[in-house]
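The paragraphs that follow are meant to be read with the coordinates open, moving from an overall view to individual helices and then to single residues.

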Amino acid sequence: MNTRPDQPLRLGTRRSKLAMSQSGHVAEAVRAITGRPVELVEITTYGDVSRENLAQIGGTGVFVTALRDALVRGEVDFAVHSLKDLPTAQPDELVIAAMPKREDPRDALVARDGLTFEQLPDGARVGTGSPRRMAQLNAYARNLGKSIETVAIRGNVDTRIGFVRAGELDAVVLAAAGLNRIGRADEATDLLSVDNVLPAPGQGALAVECLASDADLISALGRLDDPHTRAAVTAERALLAALEAGCSAPVGALADLLADGQIVNEMRLRGVVGTLDGSTLVQLSTTGPVPQSYDEAVALGRELADEMLAKGAAGLMGERSL
């Protein structure tokens, strides 16, 4: 890290309204910690310009590769990612220096006429680009005794909500964290309980990444880290990695911290994988002491993944060699 106090730190970010908002919050926190100016460097990623279905262009990674390349080339000093966009394998030359306190991990419904999910009519058209959401929304509808039609969509928050406003869809499902971060939480007509729809691993969390060789910057950024968030998302991502699934596979996971009074003493990790039509879900959970290390968090995730595979999860994600 260049230690001249007047030298701006360069923060690499995607150009979307949500990414700029997320990065702006981190920039303010880094300014407060370091006393140095932080400038946002806007970078266009393949995921931003491709109009293909996310599952077809590779799922995780499509929004982060350009940011990581800029870090390695020294064009930016650090980058902010939505953690759920990060591949589970971490490059040796980069380190996630901070995972700030997580936003609401739930999925949000934005429906016409202020409808909740349970109020949607039979046959309602619900837009989402996520196979994970499709599988669980279809299963949720089936449990309510009705069926919905899930419609694959892409685009930013405005584009997606626009499908509902224009009457093309009855509802869309988005991450609640994204709506919160751009000040549009009031547009959600329902927050989907994690008992019905588990979020993507890491949903609602941010990753602040920099070069592994930049010890000074790692130390400074580390002051933004939230240990409970890091333990939870590490377990969730270990589950995802052990299932050998990118975000193109319908995998949901959430680690909850369970408190006894004011003392947080246990972590419950829940995972789900299912067929797109929601007809078959493998959903399991495990509870253990709050992980005190990276290895303990990874072990919790792998343990649950092994149980899910034993229950037939592999067969729900397509062919896989064991």
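Residues count as buried under 20% relative accessible area and as exposed over 50%, with partly exposed in between. On that scale Glu75, with a relative accessible area of 40%, is partly exposed because its value falls between the two limits. The model that supplies these values is a predicted one, and the same scale serves for the other residues discussed below.

Taken as a whole, the protein chain contains 11 helices and 13 strands, and of its 322 residues 51% count as buried. Among contacts between residues at least 6 apart in sequence, 71% join residues at least 24 apart.

Helix H1, which covers residues 17-34, is a suitable place to begin. H1 has 18 residues and reaches 25 Å from its first C-alpha to its last, close to the 26 Å expected at 1.5 Å a residue. Its buried residues are Ala19, Ser21, Gln22, Ser23, Gly24, Val26, Ala27 and Val30, and a reader tracing them along the helix may recall that an α-helix has 3.6 residues a turn, so residues three or four places apart point the same way. The cover over the buried residues of H1 includes strand S1 (9-13), strand S2 (38-42) and S3, together with helix H7 (176-181), strand S10 (206-211) and helix H8 (215-221). After the helix comes Gly35, whose phi is positive, near 70°.

Two serines of H1 show what some of this cover consists of at the level of residues. Ser21 counts as buried because its relative accessibility is 18%, and, leaving aside residues up to four places away in sequence, Ser21 touches Arg181 and Ile182. Ser23, also in helix H1, has a relative accessibility of 1% and therefore counts as buried. With the same sequence neighbours left aside, Ser23 touches Leu11, Thr13, Leu40 and Val80, and with one of these, Thr13, the contact is polar, side chain to side chain, at 2.8 Å.

Glu75 can now be placed in its surroundings. This residue lies in the loop between helix H4 (65-72) and strand S3 (78-82). Glu75 and Gly12 are 63 residues apart along the chain, while their C-alpha atoms are separated by 8.4 Å. Not counting residues up to four places away in sequence, Glu75 touches Arg10 and Ala70.

Further along the chain, Asp113 is found in the loop between strand S5 (107-111) and strand S6 (125-127). Its phi is near 60°, a positive value in a residue other than glycine, and because its relative accessible area is 65%, Asp113 is exposed.

Where does helix H5 sit with respect to the rest of the structure, and how much of it is buried? Spanning residues 131-143, H5 has 13 residues and reaches 18 Å from its first C-alpha to its last, close to the 18 Å expected at 1.5 Å a residue. Of these 13 residues, 11 are buried, so H5 is largely enclosed by the rest of the structure. The buried residues are Pro131, Arg132, Arg133, Met134, Ala135, Gln136, Leu137, Asn138, Ala139, Tyr140 and Ala141. At the N-terminal end, H5 is capped by Ser130, a side-chain oxygen of which lies 3.2 Å from the backbone nitrogen of Arg132. Just after the helix, Gly145 takes a positive phi of about 80°.

Arg133, one of the buried residues of H5, also gives a link to a distant part of the sequence. Gly274 and Arg133 are 141 residues apart in sequence, yet 9.9 Å apart in space, C-alpha to C-alpha. Gly274 belongs to strand S12 (residues 263-274) and counts as buried because its relative accessibility is 1%.

The last stop is a pair of packed helices, a kind of arrangement described by the angle between the two axes and the distance between the axes. Helix H9 (residues 227-242) and helix H10 (residues 294-310) pack at an angle of about 40°, with their axes 7 Å apart, and H9 and H10 are therefore oblique to each other. H9 passes H10 in a right-handed crossing. On the H9 side, the residues that meet H10 are Ala231, Thr234, Ala235, Ala238, Leu239 and Ala242. Their counterparts in H10 are Tyr294, Ala297, Val298, Leu300, Gly301, Arg302, Leu304, Ala305, Met308 and Leu309.

Conventions: Residues numbered from 1 in each chain as written. Heavy atoms only, no water. Helix = DSSP H or I, 4+ residues; strand = E, 2+ residues; numbered from the N terminus. Expected span 1.5 Å × (residues − 1). Buried < 20%, exposed > 50% of the residue type's maximum accessible area, 1.4 Å probe, protein only. Polar contact = N/O pair within 3.5 Å; in protein donor to acceptor, adjacent residues only side chain to side chain. Axes fitted to C-alpha atoms, helices over the stretch in contact; angles between N-to-C directions. Parallel < 35°, antiparallel > 145°, perpendicular 65-115°, else oblique. Left-handed = near helix turned anticlockwise from the far one by under 90°. Contact = heavy atoms within 4.5 Å.
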